[in-house]
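Let's take a walk through this protein by following its cysteines. Have the sequence and the 3D view ready.

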Amino acid sequence: MRKLLTKAGLFGSVSVAFGSMWWSQRKTESDQITSNSADASPASLYELKLVQILFRHGARTPLKSMPDVVEAQWVPTLLEAPPHTHINYVVTDLKGGPQPPSPVEDSYRRNILSGGSFSGQLTTLGMQQLYELGEKLRKRYIEETPFLSPTFTPTEVYVRSTNIIRTIESAKCLIAGLFQQKQKDIVSIQTTEAENEILYPNYHGCKLLKDLSGPRWAESSTLPGIAADLQSILSALGIAAHQHVDFILIRDDMVARETHGLSSPPVLSFLRNTVEERAVDMMCHLYEPSKREKLQLSVGALLHMLLDNIEKKLQDNSAEGNRKLFLYSAHDTTLIPCLMALKIFDMKWPPYAADVTLELHQHRQTGDAFVKVSYIGRDQLIPGCSGVYCPLQEFKQVLSAYSLSSELYHSRCNSTGGLTEP
């Protein structure tokens, strides 16, 4: 079965963060380097201290089907869990208590797709994708570099997910692949209430973000180029003009079908590139990466948490200081603004199981701290950093325009005015 489960796909959780709400702007140069040996300094000069991985869930059923188009058959057999992805795990809140309610997941359960499956559900293929990501991490951090124990150890590994079944199951499958189903203790996957979630842009929990983004989203489909292309594609698909359809919805259904080998309207094969480009344009229009305001409110608290984990590791005087690996199971709508804040967004939608990895290293001779960022397994030269191994102070300076402490994040979210641009 595993050989049958190797297709890659794209898209994710747009409805998680405000229905179908998002972005457009012309591509700017990201000046990223994607070589695994981009630095002059050999890796042997650096000691790995901490790994943090923010990853997108695996392939799933669509969030919504295109109207007036023959639907794919999303039968329940497409969602069966492979035996090798099973582990012993529990889902809790951030303090170890019962799993909070999930109004987002409840909304998916009210939408039954043709074939009988719910919308937004991780499929067998998606489970395999995360299992294989776990295997890649095992090769990197256990076999090639003996950094992690070969068996899951809760004192070494922290796992957090958005409180949505597909991300929880994705975290489970990654752990199964990383540790080959070997565990010393039950795996705890932590979640939080929807209103307090920081692992995606929280339009329900952050009033200012909702207020600022609403008008941008409403106008995104009416921009001249986007509007003209949308009208052409709706006409080609035979979708009635009164239907509420945008490029993100079309892309979501299209990619989900392609990934699972299900039939799509033949005309989409000729229009695929336009759909991809315009969906990204809409995202950029919403996030406005040339400004810091929406990126701050979208992922500022998350970025601050990642930086805080680094500081605690360097201080090494707390339970968090003993951690070696932080895993965060999230969405495409998490990765896109994070990539924008790092100035390495390549104007391509993050595929299923895409990951952004932050490694903390210490120079063996000087003791200085460095951060190395990779995206989908390729090292990145972050603009503002002097090398792929980025001195920690330079890395903190790069993120300083976007990182928000929890207190400042909540204060800004509850304010009525925007931020002052530098």
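Keep in mind that this is a predicted model. Begin at Cys 413, which counts as buried because its relative accessibility is just 1%, under the 20% cut-off. Its partner is Cys 206: a disulfide joins the two, with 2.1 Å from S to S. Cys 206 is tucked away as well, since a relative accessibility of 0% makes this residue buried.

Where do Cys 206 and Cys 413 sit along the chain? Cys 206 lies in the loop that runs between β4 (187-191) and α4 (207-220), while Cys 413 belongs to helix α11 (residues 406-413), so their bond ties together parts that are 207 residues apart in sequence. As for the twist of this link, the angle about the S-S bond is -95°, and that makes the link of Cys 206 and Cys 413 left-handed.

There's another bond to look for, as the structure holds two disulfides. This one pairs Cys 385 with Cys 390, and the S to S distance is 2.0 Å. Here the angle about the S-S bond is -75°, and the link of Cys 385 and Cys 390 is left-handed. Are these two cysteines buried or exposed? Both Cys 385 and Cys 390 are buried.

Now put the bonds together. If you count the bonded cysteines along the chain, the disulfides follow the pattern 1-4, 2-3.

Before you leave, look at a couple of further cysteines. Cys 173 has a relative accessibility of 0%, so this residue counts as buried. Cys 338 is buried too, with a relative accessible area of 3%.

Notes: Residues numbered from 1 in each chain as written. Predicted model: local features only at pLDDT ≥ 70, side-chain atom pairs only at ≥ 80, totals over all residues. Heavy atoms only, no water. Disulfide = S-S within 2.5 Å. Helix = DSSP H or I, 4+ residues; strand = E, 2+ residues; numbered from the N terminus. Buried < 20%, exposed > 50% of the residue type's maximum accessible area, 1.4 Å probe, protein only.
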